[in-house]
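Let's take a walk through a protein together. Keep the picture at hand and look for each part as we come to it.

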Amino acid sequence: MGNNFNKNTFGQKVVWKDVKVLKVSKEHPDRLFYKTSYEEKDFGEIIVMNKTRNAKRKSCDLELSKLYTEPPGISKEKRKDLIHLCESKLIPENYHYFFENLKVSSSCVAEVNDENSD
């Protein structure tokens, strides 16, 4: 994760509420490019990942693993409530298939019971 989001390459402070255009480039994964008005021709540049002596990896060398091997499930109670909303026509019909096919996870039941025990 980057540690510089406040100064551009000229050492000037970046006022984020004034940024109108933000650009990220695959060729420069350690940088953000920005404009504070639509009339500007050139982008300002922020080097987000400063190089340090301890930096052994580049951000583009990071290997990411999937958080889930399959879609996470929801609790039985939550699925029942969603199906009830579908049957009550509160959820548009074109979304019913999605909600009817959500997986129920047994681990969600334990989380709900833990919350109720407080």
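We begin with the whole chain, move on to the strands, and then look at some side chains.

Keep in mind from the start that this model is predicted. The protein has three helices and three strands. If you read along the sequence, these elements follow the pattern β-β-β-α-α-α. The protein has 118 residues, and 20% of them count as buried. Its accessible surface comes to about 10,500 Å², with 52% of that belonging to carbon and sulfur atoms. Contacts can also tell us how the chain comes together: among those between residues at least 6 apart in sequence, 36% join residues at least 24 apart.

Now turn to the strands. They form an open sheet of three strands in the order β1-β2-β3, and the pairing is antiparallel. The edge strands are β1 and β3, because each of these pairs on one side only. Neighbouring strands of this sheet are turned by 25° against each other on average, with direction ignored.

Let's follow the pairing across the sheet. Strand β1 covers residues 21-25, and β2 covers residues 28-35. These two pair in the antiparallel sense over four bridges. To find one place where they meet, look for Ser-25, which stands opposite His-28 in β2. On the other side, four bridges join β2 to β3, and these strands also run antiparallel. Here Arg-31 has Ile-47 in β3 as its bridge partner.

Strand β3 (44-47) is a good place to see the two faces of a strand. In a regular strand the side chains alternate between the two faces of the sheet. In β3, Gly-44 and Ile-46 make up the covered face, while Glu-45 and Ile-47 make up the uncovered one.

Next come the charged side chains. Side chains of opposite charge can pair when their charged atoms come close. How many salt bridges does the structure hold? There are three. Arg-31 forms a salt bridge with Glu-45, and their closest N and O atoms are 2.3 Å apart. This pair links distant parts of the chain, since Arg-31 is in strand β2 and Glu-45 is in strand β3, 14 residues apart. Arg-31 also meets Asp-30 in a salt bridge, at 3.4 Å from N to O. Asp-30, Arg-31 and Glu-45 are thus linked in a network of salt bridges.

Are these side chains buried or exposed? Asp-30 has 16% relative accessibility, and because buried means under 20%, Asp-30 counts as buried. Arg-31 counts as partly exposed at 22%, and Glu-45 is partly exposed with a relative accessible area of 22%.

Another salt bridge brings together the side chains of Lys-103 and Glu-70, at 2.7 Å from N to O. Lys-103 lies in the loop between α2 (96-100) and α3 (106-116), and Glu-70 in the loop between β3 and α1 (76-87), so this pair ties together parts that are 33 residues apart in sequence. Lys-103 is partly exposed, with a relative accessible area of 42%, and Glu-70 is partly exposed at 46%.

Finally, look at the surface. Phe-5, Trp-16 and Leu-22 make a nonpolar surface patch of about 270 Å². Trp-16 is found in the segment before β1. With a relative accessible area of 33%, Trp-16 is partly exposed.

How values were computed: Residues are numbered from 1 along each chain as its sequence is written. This is a predicted model: local features need pLDDT of at least 70, side-chain atom pairs count only at pLDDT 80 or more; totals for chains, interfaces and linings use all residues. Side-chain values use heavy atoms; hydrogens and water are left out. Patches are made of residues with over 30% relative accessible area and no salt bridge: like charges are joined within 9 Å, nonpolar side chains (Val, Leu, Ile, Met, Phe, Trp, Tyr) within 5 Å. Accessible areas come from the Shrake-Rupley method with a 1.4 Å probe; for residues, only the protein chains shown count as cover. A salt bridge is a side-chain nitrogen of Lys or Arg within 4 Å of a carboxyl oxygen of Asp or Glu. Buried means under 20% relative accessible area, exposed over 50%, partly exposed in between (1.4 Å probe, protein chains only). Axes are lines fitted to C-alpha atoms, for helices over the stretch in contact, and angles run from 0 to 180 degrees between N-to-C directions. Contact means heavy atoms within 4.5 Å.
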